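Visitor: I'm new here. Could you walk me through the thing on the screen and explain the words you use for it?
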Amino acid sequence: MTTDPLIPDARRTEGVHPDYADLDRLDIPELVRVLADDQTGAVEAVRAAAPAIARAVEAALPRLERGGRLVYVGAGTSGRLGVLDATELTPTFSWPVARAVPLIAGGNRAIREAVEGAEDNRESGAADVLAVNVGPDDVLIAIAASGTTPYVLGAVDAARRVGALTIGLSNNPDTPLLSAVECPVLLDTGPEVISGSTRLKAGTAQKIALNTFSSAVMVRLGKVYGNLMVDVRATNAKLEGRAVHLVRHATGAGEVAAHEVLKECGGSVKIAIVKLLLGVSAAEATARLEAHNGHARAALERQ
(Lines give C-alpha, C1' and ligand atoms only; values in the text may rest on other atoms or scores of the structure.)
Protein backbone atom coordinates (compact mmCIF):
# COMPACT_ATOMS: atom_id res chain seq x y z
CA MET A 1 0.00 0.00 0.00
CA THR A 2 1.27 3.45 -0.87
CA THR A 3 0.49 6.73 0.79
CA ASP A 4 0.57 10.22 -0.56
CA PRO A 5 3.72 12.13 0.39
CA LEU A 6 3.26 14.72 3.12
CA ILE A 7 3.20 18.15 1.53
CA PRO A 8 5.02 20.61 3.80
CA ASP A 9 3.09 23.68 4.92
CA ALA A 10 4.62 26.81 3.39
CA ARG A 11 4.02 28.70 6.64
CA ARG A 12 7.16 28.53 8.75
CA THR A 13 5.17 28.74 11.98
CA GLU A 14 3.48 25.44 11.07
CA GLY A 15 6.77 23.62 10.49
CA VAL A 16 8.11 20.89 12.77
CA HIS A 17 11.25 22.11 14.52
CA PRO A 18 14.12 19.76 13.57
CA ASP A 19 15.95 20.09 16.88
CA TYR A 20 13.30 18.85 19.31
CA ALA A 21 12.05 15.44 18.11
CA ASP A 22 12.71 14.10 21.63
CA LEU A 23 11.13 16.99 23.51
CA ASP A 24 8.88 14.65 25.48
CA ARG A 25 11.90 12.68 26.72
CA LEU A 26 13.74 15.63 28.27
CA ASP A 27 13.99 15.89 32.02
CA ILE A 28 12.25 18.89 33.54
CA PRO A 29 15.29 21.21 33.93
CA GLU A 30 16.32 20.62 30.30
CA LEU A 31 12.73 20.96 29.07
CA VAL A 32 12.36 24.31 30.79
CA ARG A 33 15.73 25.49 29.44
CA VAL A 34 14.77 24.57 25.87
CA LEU A 35 11.41 26.31 26.07
CA ALA A 36 12.92 29.44 27.63
CA ASP A 37 15.90 29.62 25.30
CA ASP A 38 13.72 29.36 22.20
CA GLN A 39 11.93 32.56 23.22
CA THR A 40 15.04 34.56 22.35
CA GLY A 41 13.97 34.10 18.74
CA ALA A 42 11.06 36.44 19.45
CA VAL A 43 13.39 39.28 20.43
CA GLU A 44 15.54 38.70 17.36
CA ALA A 45 12.48 38.78 15.11
CA VAL A 46 11.27 42.09 16.54
CA ARG A 47 14.75 43.62 16.24
CA ALA A 48 14.79 42.66 12.58
CA ALA A 49 11.34 44.23 12.18
CA ALA A 50 12.27 47.51 13.91
CA PRO A 51 12.43 49.58 10.67
CA ALA A 52 8.98 48.34 9.65
CA ILE A 53 7.57 49.12 13.10
CA ALA A 54 9.06 52.62 12.92
CA ARG A 55 7.37 53.19 9.55
CA ALA A 56 4.07 52.08 11.07
CA VAL A 57 4.48 54.55 13.96
CA GLU A 58 5.26 57.40 11.56
CA ALA A 59 2.23 56.57 9.42
CA ALA A 60 -0.11 56.28 12.40
CA LEU A 61 0.78 59.52 14.19
CA PRO A 62 -0.95 62.06 11.91
CA ARG A 63 -4.23 60.17 12.10
CA LEU A 64 -4.06 59.80 15.87
CA GLU A 65 -3.19 63.47 16.26
CA ARG A 66 -6.43 64.22 14.42
CA GLY A 67 -8.37 62.17 16.95
CA GLY A 68 -8.28 58.76 15.29
CA ARG A 69 -8.49 55.46 17.12
CA LEU A 70 -6.32 52.39 17.46
CA VAL A 71 -8.36 49.39 16.35
CA TYR A 72 -6.84 45.96 17.04
CA VAL A 73 -8.07 42.86 15.22
CA GLY A 74 -7.06 39.22 15.60
CA ALA A 75 -8.15 35.69 16.42
CA GLY A 76 -7.08 33.34 19.19
CA THR A 77 -3.78 34.25 20.84
CA SER A 78 -3.26 37.14 18.42
CA GLY A 79 -6.68 38.57 19.21
CA ARG A 80 -6.11 38.26 22.96
CA LEU A 81 -2.80 40.07 22.67
CA GLY A 82 -4.60 42.87 20.84
CA VAL A 83 -7.16 43.06 23.65
CA LEU A 84 -4.33 43.24 26.18
CA ASP A 85 -2.47 46.04 24.43
CA ALA A 86 -5.64 48.08 23.89
CA THR A 87 -6.72 47.64 27.51
CA GLU A 88 -3.39 48.69 29.03
CA LEU A 89 -3.20 52.01 27.18
CA THR A 90 -5.76 53.63 29.48
CA PRO A 91 -4.15 53.08 32.91
CA THR A 92 -0.65 53.61 31.53
CA PHE A 93 -1.16 56.66 29.33
CA SER A 94 -4.72 57.86 30.11
CA TRP A 95 -5.58 57.00 26.51
CA PRO A 96 -9.38 57.19 26.20
CA VAL A 97 -11.07 53.80 26.30
CA ALA A 98 -13.15 54.78 23.27
CA ARG A 99 -9.96 55.30 21.23
CA ALA A 100 -8.56 51.79 21.76
CA VAL A 101 -10.93 49.29 20.18
CA PRO A 102 -10.08 45.56 20.32
CA LEU A 103 -11.87 43.21 17.93
CA ILE A 104 -11.46 39.46 18.35
CA ALA A 105 -12.96 36.68 16.28
CA GLY A 106 -15.84 35.22 18.28
CA GLY A 107 -16.39 38.37 20.35
CA ASN A 108 -15.74 38.86 24.06
CA ARG A 109 -16.37 35.19 24.79
CA ALA A 110 -13.25 34.35 22.78
CA ILE A 111 -11.04 36.21 25.27
CA ARG A 112 -11.42 33.31 27.72
CA GLU A 113 -12.35 30.34 25.55
CA ALA A 114 -11.91 29.08 22.02
CA VAL A 115 -14.80 29.87 19.69
CA GLU A 116 -14.47 27.24 17.01
CA GLY A 117 -14.69 28.42 13.43
CA ALA A 118 -14.87 32.14 14.28
CA GLU A 119 -11.50 32.90 12.72
CA ASP A 120 -12.55 31.29 9.42
CA ASN A 121 -15.32 33.82 8.79
CA ARG A 122 -14.01 36.57 6.54
CA GLU A 123 -17.38 38.33 6.40
CA SER A 124 -17.50 38.50 10.19
CA GLY A 125 -14.20 40.37 10.27
CA ALA A 126 -15.50 42.93 7.82
CA ALA A 127 -18.79 43.25 9.70
CA ASP A 128 -17.03 43.84 13.04
CA VAL A 129 -14.96 46.65 11.51
CA LEU A 130 -18.05 48.30 10.06
CA ALA A 131 -19.94 47.85 13.34
CA VAL A 132 -17.46 50.05 15.22
CA ASN A 133 -17.56 52.68 12.44
CA VAL A 134 -13.90 52.55 11.45
CA GLY A 135 -13.04 55.65 9.43
CA PRO A 136 -10.18 57.38 7.62
CA ASP A 137 -8.50 58.73 10.76
CA ASP A 138 -8.40 55.31 12.43
CA VAL A 139 -5.45 52.92 12.55
CA LEU A 140 -6.21 49.21 12.22
CA ILE A 141 -3.58 46.84 13.63
CA ALA A 142 -4.20 43.36 12.21
CA ILE A 143 -2.44 40.49 13.99
CA ALA A 144 -2.19 36.94 12.66
CA ALA A 145 0.73 34.57 13.18
CA SER A 146 -0.17 32.60 10.06
CA GLY A 147 -0.87 35.70 7.99
CA THR A 148 -3.79 33.84 6.43
CA THR A 149 -6.63 34.16 8.99
CA PRO A 150 -9.85 34.92 7.05
CA TYR A 151 -11.43 36.96 9.89
CA VAL A 152 -8.40 39.25 9.97
CA LEU A 153 -8.19 39.56 6.19
CA GLY A 154 -11.86 40.50 6.01
CA ALA A 155 -11.30 43.19 8.64
CA VAL A 156 -8.35 44.60 6.68
CA ASP A 157 -10.40 44.71 3.46
CA ALA A 158 -13.20 46.61 5.17
CA ALA A 159 -10.79 49.04 6.86
CA ARG A 160 -9.01 49.83 3.60
CA ARG A 161 -12.32 50.46 1.84
CA VAL A 162 -13.15 53.24 4.32
CA GLY A 163 -9.65 54.74 4.15
CA ALA A 164 -8.23 53.65 7.51
CA LEU A 165 -4.50 53.03 7.86
CA THR A 166 -3.81 49.30 8.02
CA ILE A 167 -0.84 47.72 9.83
CA GLY A 168 -0.27 43.97 9.72
CA LEU A 169 1.77 41.73 12.03
CA SER A 170 2.51 38.23 10.71
CA ASN A 171 5.07 35.61 11.69
CA ASN A 172 5.35 34.21 8.17
CA PRO A 173 6.86 35.91 5.12
CA ASP A 174 4.96 36.45 1.87
CA THR A 175 1.53 36.03 3.44
CA PRO A 176 -1.80 37.50 2.28
CA LEU A 177 -1.93 39.73 5.38
CA LEU A 178 1.43 41.36 4.68
CA SER A 179 0.38 41.94 1.08
CA ALA A 180 -2.99 43.40 2.05
CA VAL A 181 -1.88 46.12 4.50
CA GLU A 182 -0.13 49.43 3.95
CA CYS A 183 2.37 48.86 6.74
CA PRO A 184 3.49 45.21 6.84
CA VAL A 185 5.52 43.99 9.83
CA LEU A 186 7.13 40.56 9.45
CA LEU A 187 8.02 38.85 12.74
CA ASP A 188 9.85 35.85 11.31
CA THR A 189 10.04 33.51 14.31
CA GLY A 190 10.10 30.21 12.39
CA PRO A 191 8.97 26.82 13.74
CA GLU A 192 7.95 26.46 17.38
CA VAL A 193 9.48 24.05 19.90
CA ILE A 194 5.99 22.53 20.12
CA SER A 195 5.07 22.39 16.45
CA GLY A 196 2.37 24.86 15.43
CA SER A 197 1.90 26.29 18.93
CA THR A 198 2.15 29.97 18.02
CA ARG A 199 1.28 30.97 21.58
CA LEU A 200 5.01 30.42 22.15
CA LYS A 201 7.64 32.61 20.48
CA ALA A 202 5.32 33.84 17.70
CA GLY A 203 2.97 35.18 20.36
CA THR A 204 5.87 36.61 22.36
CA ALA A 205 7.12 38.44 19.28
CA GLN A 206 3.64 39.86 18.69
CA LYS A 207 3.47 41.05 22.30
CA ILE A 208 6.87 42.76 22.03
CA ALA A 209 5.97 44.34 18.69
CA LEU A 210 2.63 45.64 19.98
CA ASN A 211 4.29 47.02 23.12
CA THR A 212 6.94 48.68 20.99
CA PHE A 213 4.49 50.17 18.51
CA SER A 214 1.95 51.52 21.01
CA SER A 215 4.58 52.78 23.46
CA ALA A 216 6.44 54.62 20.69
CA VAL A 217 3.16 56.16 19.55
CA MET A 218 2.34 57.33 23.08
CA VAL A 219 5.81 58.84 23.56
CA ARG A 220 5.45 60.83 20.34
CA LEU A 221 1.96 61.96 21.37
CA GLY A 222 3.37 63.56 24.52
CA LYS A 223 2.29 60.92 27.01
CA VAL A 224 5.84 60.72 28.39
CA TYR A 225 8.17 63.40 29.76
CA GLY A 226 11.76 62.23 29.51
CA ASN A 227 11.15 58.58 30.28
CA LEU A 228 8.56 59.32 32.96
CA MET A 229 5.02 57.98 32.63
CA VAL A 230 3.42 61.36 33.31
CA ASP A 231 -0.05 60.52 31.99
CA VAL A 232 -0.48 57.54 34.31
CA ARG A 233 -3.97 57.28 35.75
CA ALA A 234 -3.75 56.89 39.53
CA THR A 235 -6.66 54.52 40.11
CA ASN A 236 -5.32 52.64 43.13
CA ALA A 237 -2.92 53.06 46.04
CA LYS A 238 0.05 51.68 44.10
CA LEU A 239 -0.48 54.12 41.23
CA GLU A 240 -1.08 57.03 43.61
CA GLY A 241 2.30 56.28 45.15
CA ARG A 242 3.83 56.11 41.69
CA ALA A 243 2.34 59.51 40.81
CA VAL A 244 3.93 61.06 43.90
CA HIS A 245 7.27 59.43 43.05
CA LEU A 246 7.14 60.74 39.47
CA VAL A 247 6.42 64.32 40.59
CA ARG A 248 9.24 64.18 43.14
CA HIS A 249 11.68 62.72 40.60
CA ALA A 250 10.89 65.34 37.95
CA THR A 251 10.82 68.38 40.23
CA GLY A 252 12.80 67.60 43.38
CA ALA A 253 9.72 68.35 45.51
CA GLY A 254 9.30 66.74 48.91
CA GLU A 255 6.69 64.07 49.52
CA VAL A 256 4.22 66.36 51.28
CA ALA A 257 4.52 69.03 48.58
CA ALA A 258 4.08 66.44 45.84
CA HIS A 259 0.91 65.12 47.48
CA GLU A 260 -0.50 68.63 47.83
CA VAL A 261 0.22 69.74 44.28
CA LEU A 262 -1.25 66.52 42.87
CA LYS A 263 -4.47 67.28 44.73
CA GLU A 264 -4.48 70.80 43.32
CA CYS A 265 -3.95 69.35 39.84
CA GLY A 266 -6.69 66.75 40.03
CA GLY A 267 -4.17 63.92 40.26
CA SER A 268 -2.48 64.84 36.97
CA VAL A 269 1.25 64.16 37.15
CA LYS A 270 1.91 66.17 34.02
CA ILE A 271 0.09 69.29 35.25
CA ALA A 272 1.77 69.00 38.66
CA ILE A 273 5.23 68.87 37.10
CA VAL A 274 4.62 71.91 34.88
CA LYS A 275 3.11 73.83 37.80
CA LEU A 276 6.04 73.15 40.09
CA LEU A 277 8.81 73.70 37.56
CA LEU A 278 7.36 76.95 36.22
CA GLY A 279 5.94 78.21 39.50
CA VAL A 280 2.52 78.85 37.99
CA SER A 281 -1.02 77.99 39.02
CA ALA A 282 -2.64 74.70 38.12
CA ALA A 283 -4.88 76.56 35.68
CA GLU A 284 -1.88 78.17 33.96
CA ALA A 285 -0.03 74.86 33.82
CA THR A 286 -3.10 73.27 32.24
CA ALA A 287 -3.38 76.06 29.69
CA ARG A 288 0.29 75.75 28.75
CA LEU A 289 -0.08 72.02 28.20
CA GLU A 290 -3.20 72.50 26.10
CA ALA A 291 -1.36 75.07 23.98
CA HIS A 292 1.31 72.47 23.24
CA ASN A 293 -1.00 69.49 22.61
CA GLY A 294 -0.21 67.94 25.97
CA HIS A 295 3.57 67.80 25.48
CA ALA A 296 5.15 68.61 28.85
CA ARG A 297 8.62 69.31 27.45
CA ALA A 298 7.27 71.81 24.93
CA ALA A 299 5.17 73.49 27.62
CA LEU A 300 8.24 73.86 29.85
CA GLU A 301 10.66 74.99 27.16
CA ARG A 302 8.51 77.41 25.14
CA GLN A 303 7.58 80.05 27.67
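What follows is a chat about a predicted model, taking up one helix and one sheet.

Visitor: Which residues of helix H11 are called buried?

Guide: In H11, residues 282-291, they are Ala282, Ala285, Arg288 and Leu289. The word calls for under 20% relative accessible area, so these four residues count as buried.

Visitor: What puts them on the same side of H11?

Guide: They cover an arc of only 125° around the axis, so they share a side of the helix. As a rule, an α-helix has 3.6 residues a turn, so residues three or four places apart point the same way.

Visitor: And what do the buried residues pack against?

Guide: Three helices: H9 (255-264), H10 (269-278) and H12 (296-301). The face turned away from the buried side carries Ala283, Glu290 and Ala291, which are exposed. Just past the end of H11, Asn293 has a positive phi of about 55°.

Visitor: Now the sheet. Why do strands E2 and E5 stand at the edges?

Guide: The open sheet has five strands, in the order E2-E1-E3-E4-E5, with parallel pairing. E2 (100-104) and E5 (183-186) each have a single partner strand, so one side of each lacks a neighbour in the sheet. From one strand to the next, the twist averages 15°.

Visitor: What makes E4 and E5 a pair?

Guide: Pairing takes at least two bridges. E4, residues 165-170, and E5 have four, in the parallel sense, so they pair. One of the links joins Gly168 to its bridge partner Pro184 in E5.

Conventions:
Residues numbered from 1 in each chain as written. Predicted model: local features only at pLDDT ≥ 70, side-chain atom pairs only at ≥ 80, totals over all residues. Heavy atoms only, no water. Buried < 20%, exposed > 50% of the residue type's maximum accessible area, 1.4 Å probe, protein only. Helix = DSSP H or I, 4+ residues; strand = E, 2+ residues; numbered from the N terminus. Arc of directions from axis to C-beta. Contact = heavy atoms within 4.5 Å. Axes fitted to C-alpha atoms, helices over the stretch in contact; angles between N-to-C directions.
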